[in-house]
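Colleague: Mind walking me through this one? I'd like to hear the reasoning behind each label, not just the labels.

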Amino acid sequence: QFLLYYPMEVTLYDTCILEHAICINPSSLTDMLENKIYTKLWLSDSVPMLPFSSFMGAELNYDNLYGILKNSNQFVIQGTFSCGGSATWLVSCEEDIKAIIPFLLQYNMYSITPYIKNNVSVNIHLIIYEKEILFFPPSVQIINIEHHNLCYGGADYIMTRQLPEHITDKIKEYANIIGLKLQALQYRGICGIDFLTTACEVYFMEVNARFQSSSFLLNEALMEYHLPSLQELNME
């Protein structure tokens with residue numbers, strides 16, 4: 001049997017693996033969750049999120065962005081499908097947009113949100129069962145800016161102790177709301193939810209229907225306390 005880190009890629013494997021892959025959610029559901037714009041639309045009435053708009057790659061220019069989000073002069077452009085910052089850019093002017101245009105696909109959809117300064121990016125693991133949901137401690141995501149890309153650079157579980165209590169309470173509250181909605185759609189097993197936090201609010205960013213890059217750190221803690229690993233809990 002094969003338990004995949006990234007279950008959405010199961011169809012890319014050879015038949016001998018495909019036939020023995022376990023813990024696979026319906027592709028129609030995971031495809032929706034992979035589409036960051038669809039997921040935001042689905043959850044827009046359930047949890048707070050930053051204002052966003054969408055453009056085709058061919059439409060992207062600074063005047064269009066500023067015309068839609070007038071209260072911001074810095075924007076985050078994100079592809080419909082992206083991972084680890086591979087299609088997520090921070091732009092502040094027309095020159096920045098010109099620099100990323102070679103990486104945009106003309107007829108692909110991109111979401112645009114205002115860039116919030118002094119934000120903290122947070123991820124939390126959930127494991128969703130038929131009648132309960134397990135929540136794990138959140139981690140602060142380390143984000144590096146490289147050639148306009150907002151790149152994932154690791155996770156820090158200790159730094160979350162520095163977040164105000166009302167912020168960590170909101171992370172748990174919103175993660176529970178999203179977890180219950182996933183549970184109602186028959187999603188089962190592990191997932192991760194990304195939030196963006198400010199001093200006052202927590203904003204939903206995306207659902208990752210897979211193990212996280214930081215999952216191994218939780219496993220080290222679970223092992224230390226002689227508890228089942230995330231993989232074992234996922235298989236349950």
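Modeller: Sure, and keep in mind that this is a predicted model. Let's begin with the largest nonpolar core, which has 28 residues; Ile178, Ile193, Phe195 and Phe204 touch the most other members.

Colleague: Which elements each supply at least two residues of this core?

Modeller: Helix H2 (27-34), strand S5 (120-128), helix H6 (165-184), strand S9 (189-197) and strand S10 (202-208) each do. H6 gives the most, with six residues.

Colleague: What makes that a nonpolar core?

Modeller: Its members are buried residues of types such as Ile and Phe, joined through side-chain atoms within 4.5 Å, so the set earns the name. As a rule, nonpolar side chains in soluble globular proteins tend to be buried together.

Colleague: And what is Phe195 in contact with, leaving aside its neighbours within four places in sequence?

Modeller: From S5's stretch of the chain there are Val120, Ser121, Val122 and Ile124. Phe195 also contacts Ile171, Tyr174, Ala175 and Ile178, plus Val202, Tyr203, Phe204 and Met205. Apart from this core lies another one, of 15 residues, including Phe75, Ile77, Ile97 and Ile112.

Colleague: On to Thr39. Why is Thr39 called buried or exposed?

Modeller: Thr39 has a relative accessible area of 1%. The cut-off for buried is under 20%, so Thr39 counts as buried. Thr39 is found in helix H3 (residues 36-43).

Colleague: Which backbone oxygens lie by a polar atom of the side chain of Thr39?

Modeller: The one of Leu33 lies 3.2 Å away, and the one of Asn35 lies 3.0 Å away. The cut-off for a polar contact is 3.5 Å, and both distances are within it. Setting aside neighbours within four places in sequence, Thr39 is in contact with Met32, Leu33, Phe204 and Val207.

Colleague: Which residues of H2 are buried, and what covers them?

Modeller: In H2, Leu29, Thr30, Met32, Leu33 and Glu34 are buried. The cover includes H3, H6 and S10.

Colleague: Glu206 is a charged residue by class. Is Glu206 buried or exposed, and how do you know?

Modeller: Glu206 comes out at 14% relative accessible area. Under 20% is buried, so that is the label Glu206 gets. Glu206 is found in S10.

Colleague: What does the side chain of Glu206 make polar contacts with?

Modeller: There's the side chain of Lys36, at 3.1 Å, and the side chain of Gln78, at 3.4 Å. Both values are within the 3.5 Å limit. Beyond neighbours within four places in sequence, Glu206 is in contact with Lys36, Gln78, Gly192, Ile193 and Asp194.

Colleague: Now the open spaces. What is the volume of the largest pocket, and what lines it?

Modeller: About 750 Å³ of space lies in it. The lining has 38 residues, and Ser121, Gln141, Ile143, Leu150 and Asp194 are the closest to the centre. Strand S2 (75-79), strand S4 (109-114), S5, strand S7 (139-146), strand S8 (149-156), S9 and S10 each supply at least two lining residues. By class, the lining divides into 18 nonpolar, 16 polar and four charged.

Colleague: And the second largest pocket?

Modeller: The volume there is about 280 Å³. Its lining has 15 residues, with Pro137, Pro138, Tyr157, Leu218 and Ala221 nearest the centre. H6 and helix H7 (215-224) give two or more residues each, and H7 gives the most, with four. The classes are eleven nonpolar, two polar and two charged.

Colleague: How many cavities of 30 Å³ or more are there, and what makes a space a cavity and not a pocket?

Modeller: The count comes to two. In a cavity a 1.4 Å probe fits but cannot get out, whereas a pocket is open, so the two names are kept apart.

Colleague: What lines the largest cavity?

Modeller: The largest cavity has a volume of about 80 Å³ and is lined by 13 residues; Pro7, Cys23, Asn25, Tyr187 and Ile190 lie nearest its centre. The lining has nine nonpolar, three polar and one charged residues.

Colleague: And the second largest cavity?

Modeller: The second largest cavity has a volume of about 40 Å³, and the lining is Tyr6, Glu34, Lys36, Ser82, Cys83, Asn208 and Arg210. Those divide into two nonpolar, two polar and three charged. Glu, Lys and Arg count as charged, so Glu34, Lys36 and Arg210 make up the charged group.

Conventions. Residues numbered from 1 in each chain as written. Predicted model: local features only at pLDDT ≥ 70, side-chain atom pairs only at ≥ 80, totals over all residues. Heavy atoms only, no water. Buried < 20%, exposed > 50% of the residue type's maximum accessible area, 1.4 Å probe, protein only. Contact = heavy atoms within 4.5 Å. 1 Å grid on protein atoms, 1.4 Å probe; cavity = no way out; pocket = protein on both sides within 12 Å on 5 of 7 lines; lining within 4 Å. Points joined across faces, edges and corners; volume = space filled by probe spheres on them. Polar contact = N/O pair within 3.5 Å; in protein donor to acceptor, adjacent residues only side chain to side chain.
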